[in-house]
Every structure is written in structure tokens, then in C-alpha cells.
Amino acid sequence: MKTIAIDGPAAAGKGTLSRRIAEEFRFHHLDTGLTYRATAKALLDRGLPLDDEAVAADVARSLDLGGLDRAVLSAHAIGEAASKIAVMPSVRRALVEAQRSFAAREPGTVLDGRDIGTVVCPDALVKLYVTASPEVRARRRLDEILAAGGSADFETILDDIIRRDERDMGRADSPLKPADDAHLLDTSEMSIEAAFSAAKSFIDTALKQ
Ligand code: C5P
């Protein structure tokens, strides 16, 4: 099974990097954050509570990975709701099962998220942990929002990013952390091009072995 596992905090650049890698190696790509977001959105749309684990797990089990729409799911409120249901072990079990069956697709896969190298695909061919300082991530998020014609304030985004990191790194089940055998890529002062070439050479080497 050829899986590239890419983990890291929000807005570190792992989405762009994952898509570039998937394109380069013609692998299937799954942004696992979208699975948590889609579950949260389905609850919000149906007026269901975000704090009832049994209800959230039922919704997670019925999720269709084919219908994940990034544009719809990227809303800030959905990300916040996603990180709340992501602390629930039975929600995680349901989504991890779907993610593992995706990971087995041929000819290979790229999965990005928070626990891919540690929990979902511990035997991945290559593991990358992509990070950047909270300030750099907040600046990137702000630039994306401004470029899309929206408005936002740097301090608010920075506070959100710090809170989301605390929730993702502090939870008991599958906290965000680098796998012991992950390659660390700090993109604070590295362009996406440089991160991509570093990642590509790790993958080329692993594919030759
Ligand atoms: O990456 P993204 O911002 O779309 O993820 C939304 C939320 O889903 C994260 O804050 C995190 O709490 C959760 N998540 C997770 N495990 C993953 C992917 C995302 O817990 N593999």
C-alpha cells in the first residue's frame, strides 16, 4: 500500500502540499479534515446538537466520501464545529474506518489531517509533519480571506488558530503530534515550492526502496 501521510496544524500549508504531491504521483487525495467538517455540517443542517456523541457517530457512519465539497465545507463556523466533534472517540472510529479504506486505493494515496501518520496509517510509506508559527499561519489565512474579497482581522484569526491548536493537540484521543518517523517541514520561512521539492525527494527515495 503506497500512502503518503501528511499531518500538521491548521493553515500550515499541508492542503496545497498534499494536492501538489497527489498530482505529481497521480495518487488519490483525501483531505480528512473535510470528513470531520462534513459530519459537523450535517449535524448543523439538521439542527442536531454538537455535544451528543451517539448522534454525531451515527452521522459519521453514514458519511459519503464521494460528496465532500471543499467550497461549502471551508466556512469558519464549520471548522470550529468540526474540531468540537473531533474529540469524540466514536466519531473518530467511524471516520478513521472510512479513511483507511480510502488509503488502500491503487495506485496510491495522499491523506492529510492531524492523526494520519500516528493513527490512521501508521505504516504509511512516507510521513510528513508540516508546521509553521501561529503568526505565519494567521497571516496566510488573512491573505486568503482578503484575496477572496472578504474581510477579517489578524488578531481574531490568530486567537482562533491558537485555540484550535490547543483543542487539537490537547485532546485525549489521537492528539495532533508528529509521528516518531515523520519528516518535519517547517514552512514559516519556506516557500510551498521548497516544501514540495523536499517532500518529493523523500517520496522518490522511499518509492525506490
Ligand atoms: O484541517 P481542517 O481545518 O479542515 O480540520 C477541521 C478539524 O477537524 C480540525 O481542527 C481537527 O479538530 C479535526 N481533524 C481531526 N483529525 C483529522 C483531520 C481533522 O481531528 N485527521
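Pro-107 lies in the loop that links helix 6 (89-103) to strand 3 (109-113), where helices (H or I, at least four residues) and strands (E, at least two) are DSSP runs numbered from the N terminus. The peptide bond between Glu-106 and Pro-107 is cis, with omega about 5°. The model is predicted: local features need pLDDT of at least 70 and side-chain atom pairs pLDDT 80 or more, while totals for chains, interfaces and linings use all residues. Residues are numbered from 1 along each chain as its sequence is written, and side-chain values use heavy atoms, without hydrogens and water.

A second backbone feature occurs at Ala-11. This residue is in the loop between strand 1 (3-7) and helix 1 (14-25), and the phi of Ala-11 is positive, near 60°, in a residue other than glycine.

Around the ligand there are 14 residues, of which Arg-37, Arg-92, Arg-114, Asp-115 and Asp-168 come nearest; a residue counts as near if one of its heavy atoms lies within 4 Å. The shell comprises seven charged, four polar and three nonpolar residues, with Asp, Glu, Lys and Arg taken as charged, Ala, Val, Leu, Ile, Met, Phe, Trp, Tyr, Cys and Pro as nonpolar, and the others, Gly among them, as polar. Because domain 1 (1-27 + 108-204) and domain 2 (32-106) both give residues to this shell, the ligand lies between them; the domain bounds come from an automatic or database assignment.

Polar contacts (pairs of N or O atoms within 3.5 Å) involve several side chains. Arg-92 places a side-chain N or O atom 2.8 Å from an oxygen atom of the ligand, and a polar side-chain atom of Arg-164 is 3.0 Å from a ligand oxygen atom. For Asp-115, the corresponding distance to a nitrogen atom of the ligand is 2.9 Å. The protein covers 95% of the 460 Å² of accessible area that the ligand has on its own, as given by the Shrake-Rupley method with a 1.4 Å probe.

Technical notes:
A polar contact is a pair of N or O atoms within 3.5 Å; within protein, one must be able to donate a hydrogen and the other to accept it, and residues adjacent in sequence count only if both atoms are side-chain atoms.
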